[in-house]
Amino acid sequence: MSIQLADSKKVLVSPYCEVVNDTHSQLNPTVIKGRFAPSNLSEIVEVIKLAHSSKDRICIAGGRHAMGGQQFLRSGMLLDMAGMNKVLHFDEERGLLEVEGGIFWPDIIDFLKEKQKGKRSVWVISQKQTGANSLSIGGAVSANVHGRGLTRPPLVDDLEDITVVLSDGQTKICSRTENPELFSLVVGGYGLFGIIASATLRLVPRAVLQRTVEIVEAENVISRLEKRINNGAKYGDFQFAIDPTSPDFLNKGIMSTYAEVPNASVATEHRLLREDDWKDLLYLAHVDKTAAFEKYSNYYLSTNGQLYESDVFQLATYIDNYHKDLDGRIPRHKGTELITELYVPRPALGKFLKEAADLLRQHHADVIYGTVRLIKEDKISFLAWATQPWACTVLNIHVEHTKAGMTRAAKIFSDLIELAINSSGSYYLTYHKYASSQQVLACYPQMIQFFAAKRKYDPKGLFNSDWYEHHLDLLLENKLFSNKYI
Ligand SMILES: Cc1cc2nc3c(=O)[nH]c(=O)nc-3n(C[C@H](O)[C@H](O)[C@H](O)COP(=O)(O)OP(=O)(O)OC[C@H]3O[C@@H](n4cnc5c(N)ncnc54)[C@H](O)[C@@H]3O)c2cc1C
């Protein structure tokens, strides 16, 4: 079966029930009804018409890295944005780049490099997520992501405008001045208000950055980072030790920051970690956590003073499906990692990390990686997570894919959120669904108005996801919504 559209292009790539899953945790296997991959705006509109006529609902997927079921819907029509990956317009005067919603970051970086080859001043992206590359612009806008910037708000700050296809097939340009309400709802709105066909990114001039590395203890991280910011550091983080049997656990870490060096150029030969080094580090992080931290910190210390291009250094090495290899090397090992991100006011970070270390020890949690970053307040997006200048703690925790493993994970992730709330903090919605209704509402009290706005813009609930269904059920439990669907 396939559908022919008006312009004779096929967008139905899979007419069958298919099992899809997220890339990293692989904890969201979902049977969808069919997969559609439009390659332009009019094909998106055709898919919307088709969904209305068959009374189906649409879920939207980019790089599939969200881990709370935001991009999938049981029995839904999956709109796969992979075919919408073109650069549409580059305004070299103003440093604006319009790209389609399905494009991944490396393609943007490559385009800008190629297009500006040989030029002295060059426009580049300001920030992208760390830890992975195959992430789409639509996914980045929908989670309002952040990178390693020390003085920046999330991605919303880097957006000039977005073009969104609504549930009635209308296309709207949204920005701070044009359809501002919709702009604030779509950015950080997890695909519930419409399809981001394109986005215009505000670029920044490329800088050469010098990395400074030191080993720091948790209680001094904020003051050290602030000192570095005052000395011109633009990017940076604190990557902490992960061995729960060591007093260094979540306490000692590598602080690396990056400050601009004017008129410098980057050497062609660099000290860097290759794919095999990453595989070894991942293996050690599972079987010998102290050795993993030592190897990693020695590498970082050896790169103190090294120069990087401000766009390229944001690219990560991510080995797809790396757990397959690990499970083969480690006896009786089966699982993946699940990420969580917790926010606390900066002065509370030292105490929070101490308490988190105790909690993780009590639960015998298997931490594979952890880092602290900074974020500046976001005053634009409706479902804002960066409601104040937080210290953001990211934890990548191994989860056994067994019933007991999942139950334990639910408890760990929910208890970590409670700890953050007790420190006047919050958590990031993009990673899992383990927050209780009380926790969701404590951290995102605007969720009720957000869902009310969803009904205003999408009354028939065309855009849907397992994440949305789950959160609707949580609100219904609290009698905050009287009926699930209009
Ligand atoms: C290893 C790893 C590292 C990460 N690092 C970071 C990080 O450093 N900083 C950070 O902020 N986040 C980080 N994340 C989270 C990640 O950035 C978000 O989950 C992001 O939304 C994933 O983008 P994606 O392209 O994979 O989108 P998907 O997972 O496919 O989709 C995510 C959401 O975006 C929606 N969506 C996707 N495309 C469109 C579109 N065109 N129109 C409308 N809606 C759309 C989907 O419906 C869904 O709600 C990381 C995740 C992983 C697994």
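Which helix does Ser142 lie in? Select Ser142 in your viewer and you'll land in helix α3, which covers residues 137-143. Keep in mind as you click around that this is a predicted model.

**Stop 1: Ser142 and the ligand**

Is Ser142 buried or exposed? Buried counts as under 20% relative accessible area, and Ser142 has 11% relative accessibility, so it counts as buried. Now show its side chain. It reaches the backbone oxygen of Gly138 at 2.7 Å. Next, pick out what Ser142 touches beyond its neighbours within four places in sequence: Val186, Gly188, Gly189, Tyr190, Gly191 and Ile196.

Switch the ligand on while you're here. An N or O atom in the side chain of Ser142 sits 3.1 Å from a nitrogen atom of the ligand. Select the surroundings of the ligand and you get 33 residues, of which Ile60, Gly62, Gly63, Ser136 and His146 come nearest. Two other residues are worth a click. For His65, look at the backbone: an N or O atom there lies 2.8 Å from a ligand oxygen. For Gln71, look at the side chain instead, where a polar atom is 3.2 Å from an oxygen atom of the ligand.

**Stop 2: a hairpin**

Select residues 159-165 (strand β10) and 171-175 (strand β11). These two strands pair in the antiparallel sense, over five bridges. To see one pairing up close, click Asp161 and look across to Ser175 in β11, which stands opposite. Together β10 and β11 make a hairpin with five residues between them. In the turn, find Gly169, which has a positive phi of about 90°.

**Stop 3: strands around β16**

Move on to β16, residues 252-260. On one pairing you'll find β14, joined to β16 by nine bridges and running antiparallel to it. Click Val213 and then Ser256 in β16 to see two residues standing opposite each other. β15 also pairs with β16 in the antiparallel sense, over seven bridges. Here, try Ala233, whose bridge partner in β16 is Ala259.

Now follow the loop between β15 and β16 to Ala241. With a relative accessible area of 6%, Ala241 is buried. What does Ala241 touch, not counting residues up to four places away in sequence? Select Asp248, Phe249, Leu250, Lys252 and Phe293 to see the answer.

Another loop, between β16 and α6 (275-287), holds His270. His270 is partly exposed, with a relative accessible area of 24%. Its side chain reaches the backbone oxygen of Leu307 at 2.7 Å. Beyond its neighbours within four places in sequence, His270 is in contact with Gln306, Leu307 and Tyr308. Try a distance label too: the C-alpha atoms of His270 and Tyr308 are 9.1 Å apart, although 38 residues separate them along the chain.

**Stop 4: helix α5 and its buried face**

Select residues 221-230, helix α5, and colour Val221, Ile222, Leu225 and Arg228, which are buried. Turn the view to look down the axis of α5: the buried residues fall within an arc of 125°, so they line one face of the helix. There's a handy rule behind patterns like this: an α-helix has 3.6 residues a turn, so residues three or four places apart point the same way. The buried residues of α5 pack against several elements, among them β14, β15, β16 and α9. Just past the helix, look for Gly232, whose phi is positive, near 105°.

**Stop 5: helices α9 and α10**

Jump to α9, residues 349-362. Its buried residues include Leu349, Phe352, Leu353 and Leu360. What do the buried residues of α9 pack against? Show α5, β15, β18, β19, β20 and α10. After α9 comes His364, with a positive phi near 50°.

Finish on α10, residues 403-422. At 1.5 Å a residue, its 20 residues should span 28 Å, and the end C-alpha atoms are 29 Å apart, which agrees. Among the buried residues here are Gly405, Ile412, Phe413 and Leu419. The elements covering the buried residues of α10 include β18, α9, β20, β21 and α11. Last click: Ser424, just after α10, takes a positive phi of about 60°.

Notes
Residues numbered from 1 in each chain as written. Predicted model: local features only at pLDDT ≥ 70, side-chain atom pairs only at ≥ 80, totals over all residues. Heavy atoms only, no water. Helix = DSSP H or I, 4+ residues; strand = E, 2+ residues; numbered from the N terminus. Expected span 1.5 Å × (residues − 1). Buried < 20%, exposed > 50% of the residue type's maximum accessible area, 1.4 Å probe, protein only. Contact = heavy atoms within 4.5 Å. Polar contact = N/O pair within 3.5 Å; in protein donor to acceptor, adjacent residues only side chain to side chain. Pairing = 2+ DSSP bridges. Arc of directions from axis to C-beta. Near = heavy atom within 4 Å.
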